[in-house]
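Visitor: Hi! I have a protein model open and would like some help finding my way around. Could you take me through it?

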Amino acid sequence: MTAKLLNKGQWADQVSTILVSGSLWGFTEVVLGGAMAAAGLPYRSGVLTGLGMGIMAVAIGAFAKPAMLAGIALVAVLCKQLVVPILHVSIMCKANSCLAVMLDGFALLGVVSVFSRRLDSSYLVRAAVGALAALSAAVAFFFVGMRAAPCKYLLSFNRPGGLIAFLAVEGLPWILFSALLFPAGYWIGKRLGEFVHAWRTDRPLLYYTTVTATVICCWGASATVIAAGL
């Protein structure tokens, strides 16, 4: 009975983390991404990629369950796709940015699965994991995005040597921000894991209220920004 309760508790913690992490990632993509675009700030895709890697790293640090990353990426994509019911546009409107999010999630899932036993060995390993995941996602995005729903900007790299140029312009910021933010997120996650479990056990009402409020706020803010056309 105790083992069953523990398994149910772990499952609840992981599902809550997937929902909160994915919603926070979607929020950064929609709200922060929109603000950076409106302000004309550079390295927007690099910052957003790094933040996504950092958010996913919190989940890995807390639970060491790489499969969670697919769920986190899916929740973030669904948050971004609020644009469909709100603005009545095609699901393909955000196809490439949603593709980038999913590729980030699956790339990190693959890299973490390979290096999971070495994540605690050193900061350099964790930085390398973030960098390698970002590099893998950038390469995959170049080839898949070029054939899925390429925008004019992406098509500008459809030339001999285009992959190298794309990696130099877009991939390098992805790699640098991910190498910086993945270790930071992992460090936070290692310290949150036991706290989250204890919080849910000792104060379940407050725990679930906070989880629900965080998800609602992220999605509500994202919906407001999308509706405003920002």
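Guide: Happy to; we can talk about pockets, cores, rings and a few single residues. Keep in mind that this is a predicted model.

Visitor: Good to know. Let's start with empty space: what volume does the largest pocket have?

Guide: The largest pocket comes to about 1,000 Å³. Its lining is made of 40 residues, and R44, S45, L48, K80 and S97 are the ones nearest its centre.

Visitor: Which helices supply at least two residues each to that lining?

Guide: Those are α1 (2-39), α2 (44-63), α4 (83-87), α5 (95-115), α7 (152-155), α8 (162-202) and α9 (204-227).

Visitor: And how does the lining of the largest pocket split by class?

Guide: There are 26 nonpolar residues in it, along with eight polar and six charged ones.

Visitor: What about the second largest pocket, what's its volume?

Guide: That one has a volume of about 480 Å³. It is lined by 23 residues, with V20, S21, L24, V58 and L192 closest to its centre. Two or more lining residues come from each of α1, α2, α8 and α9.

Visitor: Which helix gives the largest share of that second lining?

Guide: α8 does, with eight residues. By class, the lining of the second largest pocket has 16 nonpolar and seven polar residues, and no charged ones.

Visitor: Okay, new topic. How many residues are in the largest nonpolar core?

Guide: It has 52 residues, and the members that touch the most others are W25, L108, V129, F141 and F166. The elements giving two or more residues to this core are α1, α2, α3 (68-80), α5, α6 (123-148), α8 and α9. The biggest contribution is from α6, which gives eleven residues.

Visitor: You mentioned W25. What does W25 touch?

Guide: If you skip residues up to four places away in sequence, W25 touches L48, G52, I55, M56, I72, A73, A76, V101, D104 and G105. There is also a second, separate core of six residues, and V30, C79, L82 and I226 are among them.

Visitor: A73 is on that contact list. Where does A73 sit, and is it buried or exposed?

Guide: A73 is part of helix α3. It counts as buried because its relative accessibility is 0%, and the cut-off for buried is under 20%. Again leaving out residues up to four places away in sequence, A73 touches W25, V101, M102 and G105.

Visitor: How far apart are the C-alpha atoms of A73 and I55?

Guide: They are separated by 10 Å, and the two residues are 18 apart along the chain.

Visitor: What about S23, buried or exposed?

Guide: S23, which lies in helix α1, is buried, with a relative accessibility of 1%. Apart from neighbours within four places in sequence, S23 is in contact with V75, V215, C218 and W219.

Visitor: Let's switch to aromatic rings. How many aromatic pairs does the structure hold?

Guide: There are eleven. One of them is the pair of Y153 and F157, which is edge-to-face with 5.3 Å centre to centre and 90° between the planes. Y153 is partly exposed at a relative accessible area of 41%, whereas F157 is buried at 6%.

Visitor: What sort of pair do Y207 and Y208 form?

Guide: Y207 and Y208 are also edge-to-face: their centres are 4.9 Å apart and there is 80° between the planes. Y207 counts as buried, with 3% relative accessibility, while Y208 is partly exposed at 37%.

Visitor: Which residues do ring pairs link into a cluster?

Guide: The cluster is made up of F141, F142, F143, Y153, F157, F166 and W174.

Visitor: Last topic, the backbone. What is phi at Y43?

Guide: Phi of Y43 is near 60°, so a positive value in a residue that is not glycine. Most residues other than glycine have a negative phi. You'll find Y43 in the loop between α1 and α2, and it counts as exposed at 53% relative accessibility.

Visitor: And what about phi at H88?

Guide: H88 is not a glycine, yet its phi is positive, at about 55°. This residue is in the loop between α4 and α5. H88 is exposed, with a relative accessible area of 69%.

Notes
Residues numbered from 1 in each chain as written. Predicted model: local features only at pLDDT ≥ 70, side-chain atom pairs only at ≥ 80, totals over all residues. Heavy atoms only, no water. Phe/Tyr/Trp six-rings, centres within 6.5 Å; stacked < 30°, edge-to-face > 60°. Buried < 20%, exposed > 50% of the residue type's maximum accessible area, 1.4 Å probe, protein only. 1 Å grid on protein atoms, 1.4 Å probe; cavity = no way out; pocket = protein on both sides within 12 Å on 5 of 7 lines; lining within 4 Å. Points joined across faces, edges and corners; volume = space filled by probe spheres on them. Helix = DSSP H or I, 4+ residues; strand = E, 2+ residues; numbered from the N terminus. Nonpolar A, V, L, I, M, F, W, Y, C, P; charged D, E, K, R; others polar. Core = buried A, V, L, I, M, F, W, Y, C linked by side-chain atoms within 4.5 Å. Contact = heavy atoms within 4.5 Å.
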